[in-house]
Every structure is written in C-alpha cells, then in structure tokens.
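This briefing is meant for someone meeting the structure for the first time. Please look over the sequence and the model below before reading on.

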Amino acid sequence: MAAEIELSEDDSIAVFSARRVRSRLRADGGKPVAAFRETLAWGRERLVGLFHEGTPADSLVHARAHLVDEVLREAWTQFLPQADGGLALIAVGGYGRGELLPHSDIDLLVLFDEAALDAAKSRLENFFAFLWDIGLDVGSAVRSVPQCAELAATDVTVITNLTEARPLIGDLSLFAALTDAMRPEQMWPVDAFFRAKVAEQHTRHAKFDDSAYKLEPNVKESPGGLRDIHTVAWVAKRHFGASSLTELRERGFLTKTECDELFAGQDFLWRVRFALHMITGRHEDRLLFDHQNKIATLFGYEDQDRNRAVEQFMQLYYRTIKSLSCLNDMLLQLFEEAILGRGRDAEVKPLNTRFQTRNNYIEARADDVFQKAPWALIEVFALMQQHPKLEGISTGTLRLIRRDRRLIETVRSDVGTRERFIGMFQHGDGLTRALRRMNRYGVLGRYLPVFGQIIGHMQYDLFHTLTVDEHTLRLVRNLRRLNMERFKHELPFFSDVMAKVPRPDLLFIAGLFHDLGKGSGGDHSEVGAKEAEKFCLDHGLSHADADLVSWLVRNHLLMSLTAQRQDISNPDIVTAFAQKVGDRSRLDYLLVLTVSDIRATNPALWNSWRESLLRELYHSTKRAFDRGLDNPYTLAERVAEQRRAAYALPTARHIDGALTDRIWGRFDADYFLRHSPAELVWHLDAIAQTAEEQLPLVLVKTLDGRGTTVFVYMRDRDHLFGLSTGVLAKLGLNILDARINTSADGYALDSFVVMESDGSPIENTHRFEEIGTALRKVLADPAISVVDVNRRRPTRLRHFDTPTTVSISQDTMRNRTMLELVCADQPGLLSLVGRVFHKRGILLDAAKIATIGERAEDVFYITDRQHQPITSDKALDELREVLTRTLSNAENAHK
C-alpha cells in the first residue's frame, strides 16, 4: 500500500508543520496552482524573515526541505491517488539529505516497475508539469531499480546521489530494493568508493588552483567549502552506514570540539549560501564582489578605520574554510586508516625521543608530547622539512596539534624554540611546505601573532587576488623556486641573480614579513620593517642581518614602483634609485624579492613587459654602481652609448652611415634613451625606406621581450595621442606604455607597448596587420579628430568605486610638468585624457601606464605648446577640474 514518510517535529520542521502546510495547499477554491504557488511564496517569506531574525541556518535549510516535502506529497496524492504500488517518489542529492536553500536544485527520482509505469505514465507527466506551473524547478529521473543499479555501478556521481536518497511517498518496497542493490557488497566496495571520492575532491580542488583564498570563492565547491563536508559525510555513510556526521562523534571518529567546529563552519557556509540565494533570487554559490558587500551588511558588519565591513566578513569566511580544510584533511586520513588499513602493519622508525614515523607519516610517541614540550609544535614541522620523503602528519598527531597548539604561545621567548624556527629558514629545503602546514594547522599564527593578524585578511580590489597570508606564502614559494636548480627554466635570468644572493635565508624571512604590517594599520612597509627587525634580533641574527631584512621589507615596493611609475630611461632617475639601494648586493636581493612579490600578487600582473622593465632598471643600476654614484652618466654619454650599441647590431650594417646621421640628427636625446638599440635600428631601417607620401608609417612587432610594440612615424598632427590610443582601445588592446617624441622638424615618433585585453601577448601576424591597417586609416585622414571607444566596461570593474584624483608636480630636471592620475579603469581612458590635453593646448612628452586591478594609475609628463612646464596655478586647477569631470562622466556612462 502507498505510504508517506513522516518526519519528527523537531525545531526546523516546526517552522512548517505538516498540518498547517497541507491546510494551505488544500484551500484552493478549485485553483490548486494558485494555492500551491501561494504556499511556496509564503514559505519563502517566512524563511527570509527567520533569516533576518538570526535563526540558525541548519534550521532554515531543513525547514525549506520539509516544506517542499509536504508540497510534493500533496501534489503526488492529487495526481496519482491510485498509485498504491509499483511507484515511489524519492528525494536524491542534497534534497535527499534534507537540505534545501531557497533556490537549491530539487532532485527527484521516480522508481517504478514496468506495469505501474505504463498505467501511470500520463499522470506522471501531468504531475511534473504541475510542479513546473507552481514554480518548482525540479530535476527528475524515472527509472527502475535495475536501471539505477546499472548506472550506479559505473558512475561514482550516481552512486553518491543515490546514497543520499530519501523516500517521500509511494511504494516503500521499491526503495528497499534500491537500497539493497546499492550495498557495498553489491557495488562500489567501501575502499573503491573512498578512493574515487578522494580523487574527485582532488580534481575539484585543482579547478580552483588548490586554493580557497581566491577573491571570488565558490562557497560550495572551493577547497574548504560545503562540498568538502559532503565528501566526509558520503564516505561515513558508505563505510559506517552513518546517517549524519553526529554519528562520527558517537563512533569516536570526531571529538566534541571537532564536531562543534564542523557544524559551526557548516552553519556559517549555509548562512552565506542562503544570503546569496536571497539577494540574487536564483541558485548562486559564487561570492562575487557585488554580493560580498551586500552580505557583509546583512551579517551586520560596519566599516572601521582600518578594516572595511566587506573585509571583516571575508576574513571570517576565509578563516572558516581554513578550519574546515584542516578538519577535512584529518577526517580523510582517519578514513584512509580505517578503510584502507594504512599504517596498520607498517614498521615504526624512531626519529627522536618525541617523534617517530609510521608508513611515511610522522607521529608523536606520546599523547602528552606537546604538553610536556610545547616547542615540539615547531619541531614536528622542522623534522618534516628535514625528512622530505614524509608524506604528512598522522591523524592522531594532527589531533594533538589542534588540541595543544595554543601552548606554543607560552614558549615564544624560549631560545630553543626560536633556534628551531629560524633553523627552518636556514635549512631552506621544504620551507614553503612546512610554513603552509604550520598555517593550515593553526601554529604559525600563534607563534607569530603578527602573522595571525593577517590570516584570511583580504583587500577588496582586483589587484590583490589572494588573502594576505596566502599571498605571503606564495611569495616565499616563488623565492624558493628561484633558489632551486630544477625550476631554473621558469625564469633563468632571475634564477641566476638569486644564485648571487649570499644569504637566501634572509630573503625568505623578508618575504614572510613583507606584508605582515597590513594587519596593524598605518604604512604596512614601515610596520613590517620594525616587526622584521625585532624578529631577527630575537632569533639570534646579527644586527647587520636584521638591518638587511628590515630594509628589504621597508623597500619591497621600491623597485616595482620605480620601474612602472618613473622614466627609467632618465639617468637621473636611475642614479636616485641606485642611491636608495646602496650597493649591488642589495640590488640583487631586491630584484628577486620584487619579482616574487609581483608573481604572487596576481597571475595576470607578470608579463614580458614588466619583466623587461625590471631587467632594464637592474642593468642600468648595475652600470651606475660600476661607474660610481658620485660620477653619474650624463645624457650625452648615455645617448652615445645607445647609438654605439645600435651601430654594432648586424641589422644596422646595411644602412648608409650618412643617411643614418641625417635621420638621427633630427631626434632629441630622449628618443635614444627611451628605446633599446634593437628598436632604434628597427625604426631607422623603416624610416630610411619610407617616402614622405607613404606616411604615416606604422610598425607592429614583438621585440626584445617587451611585449608587442606599435611604432607610429608621421608629421605631427593635432590629437595624435588621443587618436592612436583610441584606435588601440577600440581594437580591444591594453596599453602598457607610451613613449612620445617629436623631431626637431615636426615629425612624431610615438611608441606604444600593447597586449590583448586578457593580458596575453599578441602573436598572430594577422593581428599585427589589423592593428597597422586601423591606425593608418585613422591617422592618415585629417578629417578624423575623435575615435569613439564603445567597448563596455567589464562587469567586475563596476563593483568598485575609485574616485578620480589628479596630482601635479614639476619635473625640474627635465623641464616639464608631471601629472599623476588615479581613477577607475575604463575603455578608452587614454584617448579621453589625450582629448583633454589637446583641447587645452597641452603637449604630451611621455606617459607611464599602470593598470592595478580596477584602478588606473598613470603618469603623464606634459608641457605647454612652447615645450615649457605648466606652472600657472589657474591653468593647473582648471586641468584638474576638467580631467576629473570628464573621466567621472565617462565612467558613469559605462555603468
């Protein structure tokens, strides 16, 4: 006989009592669709109200499932009243667990035997059509028990969904038959199921680069997310037949503390997902930028002086998933031991009086090891570093670490503890893995409170794509890879520089501390430098060592800012930078730290252009040291050196010397300083072969590892910069650098370094031709004065509010005015700036272009039409006002 499965009246079910729900569903007045839709709407409103009242998320998700249970049962009863045998309605997947968020998938399975299906086929079709009409978005399958068994036997996803199956109404004998068919004795033995789920988790984590600390994480699928909890629950159910994680505690697999931590983390992630569904009105698991602000407000966070509301919320999120990742690690290891028997008969090998190894895992020799010797909380990771073949820490020892990790705070000042910790940096090998484990298992932040402050700390922008702790550990990893022969092929030049560094351990310490000041407010470089110096002295390093580490932390941004924001073709800029660095040894240290920092900040930041800038600054500074800082290069000497280097290239030998002198004699010193010898010859050869009537000359080439360079040579005309950058923007290109020159007889020599909008280099010759053709067409037409860039602003940029600021100062060394512009990045930005300059009679001498996530941070060197600096306060104030108004209006138009 047909049966429906009643659930107990616990707190979550009491939200929607069966009697009350059925009463509303049956009050249809002959309009069942309206009654069901109204009941579901009433249920959504009730759940939203309870969410705002602070009801625990587990009650909400179970209540939603209970409401849908009653709706489905009532609908089934109305459409299949005679289905007293041969049919059953089964909840599967997350719904089978009894967990539903407002817009979660509702996965259903109709089990049948052949005779019953034939008789009820049309009524089943009407049943599912009705569910669609009332607004339930269900995923359904109609299968027999043998069909289910056949699919489940070969597909771990199917067996997983069916493992969570829960009968709603109908013939219970079918469900019993399905359960019997899926027993481990029939298919997917526990060990095979466990291996498949672990492999599935590894694959899923790899899709997120094995990092839970991305700017826009997936609450469900990212490492540490809800799916990791599900994985543990699936294995537990398959192995033990456990219906809930609570049973793991009852079986001794979880302590009360661990169980509480697991459920608290699950409840928090459920609450975040509930909020995502609520504010988007759809199934949404991604914490996108736009959602993060709204959820932070929903959760009651407010902006503080040192920390925005959204950053506070996201720090709690990242710390929660860090804790859940640790629990996931431990529980899967426990299952491996219980299911696969790992280590059961393995040989035990002592390491010392406190630790031993078993089956390539390190374990404590006594349960009170950390209580008697808290410094062993450092030693266990140092031992793993010294024995690289060890695969991990045993689950029992992990449990002891989690239990006793706070004790490390009592021995921070202990000489032996400090020697062990600093020894990890001096040993070098395996350092990154050791630090990652210390952070994952909650030891590193307790030993170094300054590190603890930045765990999970994110910066709400598109520049920093990771939390500060994850970025920091990646930087140390990058330094280590530069120091390892087997990774030399990645960045051979910088690996060679790293090989010259006399004390890599000091570099690793600087890398660890470079951003730790971000958790304390103020200038993070200064704060971090003081912390780093104290750390070094406390850990027995000399004052000279401490001074070097402190200097590196204080100046870790110096080289990247100089290379990207200043005119490094100017010998005076190079000399000033060299004076700040002091000597060649510090230059080597700073270069590899800078490279590692950029590559750890945002994968899109590192490209051939930035590499070329850093290498150019490095080589120029080395020459300055060789020459002597008290005897810097003059402009004339640098120009002569550049010309000699260009003459020496094989490609220059076929060009007539007299013709070369006539052409180059028209160009000023800046032209020779701003271009490499290879570029000078490339330009020279093309100019020499191009007649006046063939202008404009447009060259496009990837040269010297600088990215793709676009060179324009023609008689100067109004608004040339704005037209050129407009065309490039319209083609979807990012402009990385602009070098603007005008010859003595009025010819423009403008160079732009460009890449595709996604940061990839331009390698297709057809793309080169497209760029050249588009530029020639516009620049050759004197009637064209404006290029409209109609590209839409990328959606991600719209979530950030970057006010436009214009700072102006005088570059007295070069007799020009420097304008620094910070504003929201937008398509055609440089074209707009060029248009403003043109209308106000301003000449552009050079530009340094930097796009930092959602922000454009550009520097323009400008003069008036007489090539003199702009010094009038009135003119400069008007320029600020016009630029701010123009860019703000354009930004609003793109939103």
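In this predicted model, helix α10, which covers residues 190-206, and helix α11, which covers residues 226-240, have axes that come within 10 Å and cross at roughly 175°. Angles over 145 degrees count as roughly antiparallel, and α10 and α11 are therefore roughly antiparallel to each other. The points below begin with the chain as a whole, return to this helix pair, and then turn to cores, single residues and the backbone.

**The chain as a whole**

- The protein chain contains 39 helices and 18 strands, and its C-alpha atoms fill a box of roughly 105 × 75 × 50 Å when this is taken along the principal axes.
- Of the 895 residues in the protein chain, 58% are buried, while the accessible surface of the chain comes to about 36900 Å², with 49% of that surface belonging to carbon and sulfur atoms.
- Among the contacts in the protein chain with a separation of 6 or more, 71% are between residues that are 24 or more positions apart.

**The pair α10 and α11**

- On the α10 side, the residues that meet α11 are Val-190, Phe-193, Phe-194, Lys-197, Glu-200, Gln-201, Arg-204 and His-205.
- On the α11 side, the residues that meet α10 are Arg-227, Asp-228, Thr-231, Trp-234, Val-235, Arg-238 and His-239.
- The residues of this contact between α10 and α11 divide into five nonpolar, four polar and six charged.
- An α-helix has 3.6 residues a turn, so residues three or four places apart point the same way.
- The loop between α10 and α11 holds Asp-209, which has a positive phi of about 60° although it is not a glycine.
- Asp-209 is partly exposed, with a relative accessible area of 48%.

**Nonpolar cores**

- The largest nonpolar core has 189 residues, of which Leu-72, Tyr-95, Phe-335 and Phe-421 touch the most other members.
- Helix α15, spanning residues 309-340, contributes 16 residues to this core, and that is the largest share.
- Leaving out residues up to four places away in sequence, Phe-335 touches Phe-194, Val-232, Val-235, Ala-236, Phe-240, Leu-248, Phe-253 and Leu-340.
- A second core, separate from the largest one, is made up of 49 residues, including Val-754, Leu-775, Leu-779 and Phe-837.

**Helix α24 and the helices around it**

- In helix α24, which covers residues 492-500, the buried residues are Phe-493, Phe-494, Ser-495, Val-497 and Met-498.
- These buried residues of α24 pack against four helices, namely α23 (468-482), α25 (504-513), α30 (584-601) and α31 (608-627).

**Selected residues and their surroundings**

- Tyr-318 has its place in helix α15, where Tyr-318 is buried with a relative accessible area of 1%.
- When neighbours within four places in sequence are left aside, Tyr-318 is in contact with Ala-212, Tyr-213, Lys-214, Leu-215, Pro-217, Gly-456, Met-458 and Thr-467.
- Although Tyr-318 and Ile-455 are 137 residues apart along the chain, their C-alpha atoms are separated by 8.1 Å.
- Asp-811 is found in strand β14, which runs over residues 805-811, and Asp-811 is buried, with a relative accessible area of 12%.
- Outside its neighbours within four places in sequence, Asp-811 is in contact with Arg-816, Thr-817, Met-818 and Tyr-861.
- Gly-416 belongs to helix α19, which covers residues 415-427, and Gly-416 is buried as well, with a relative accessible area of 17%.
- Gly-416 and Asp-505 are 89 residues apart in sequence, and from C-alpha to C-alpha they are 19 Å apart in space.

**Backbone details in loops**

- The peptide bond leading from Leu-695 to Pro-696 is cis, with omega near 10°, and Pro-696 is found in the loop between α35 (677-688) and β10 (697-702).
- His-867, a residue other than glycine, has a positive phi near 60°, and the place of His-867 is in the loop between β18 (855-863) and α39 (873-894).

Methods:
Residues are numbered from 1 along each chain as its sequence is written. This is a predicted model: local features need pLDDT of at least 70, side-chain atom pairs count only at pLDDT 80 or more; totals for chains, interfaces and linings use all residues. Side-chain values use heavy atoms; hydrogens and water are left out. A nonpolar core is a set of buried Ala, Val, Leu, Ile, Met, Phe, Trp, Tyr and Cys residues joined through side-chain atoms within 4.5 Å. Buried means under 20% relative accessible area, exposed over 50%, partly exposed in between (1.4 Å probe, protein chains only). Helices (H or I, at least four residues) and strands (E, at least two) are DSSP runs, numbered from the N terminus. Contact means heavy atoms within 4.5 Å. Axes are lines fitted to C-alpha atoms, for helices over the stretch in contact, and angles run from 0 to 180 degrees between N-to-C directions. Angles under 35 degrees count as roughly parallel, over 145 as roughly antiparallel, 65 to 115 as roughly perpendicular and the rest as oblique. Ala, Val, Leu, Ile, Met, Phe, Trp, Tyr, Cys and Pro count as nonpolar, Asp, Glu, Lys and Arg as charged, and the others, Gly among them, as polar. Accessible areas come from the Shrake-Rupley method with a 1.4 Å probe; for residues, only the protein chains shown count as cover.
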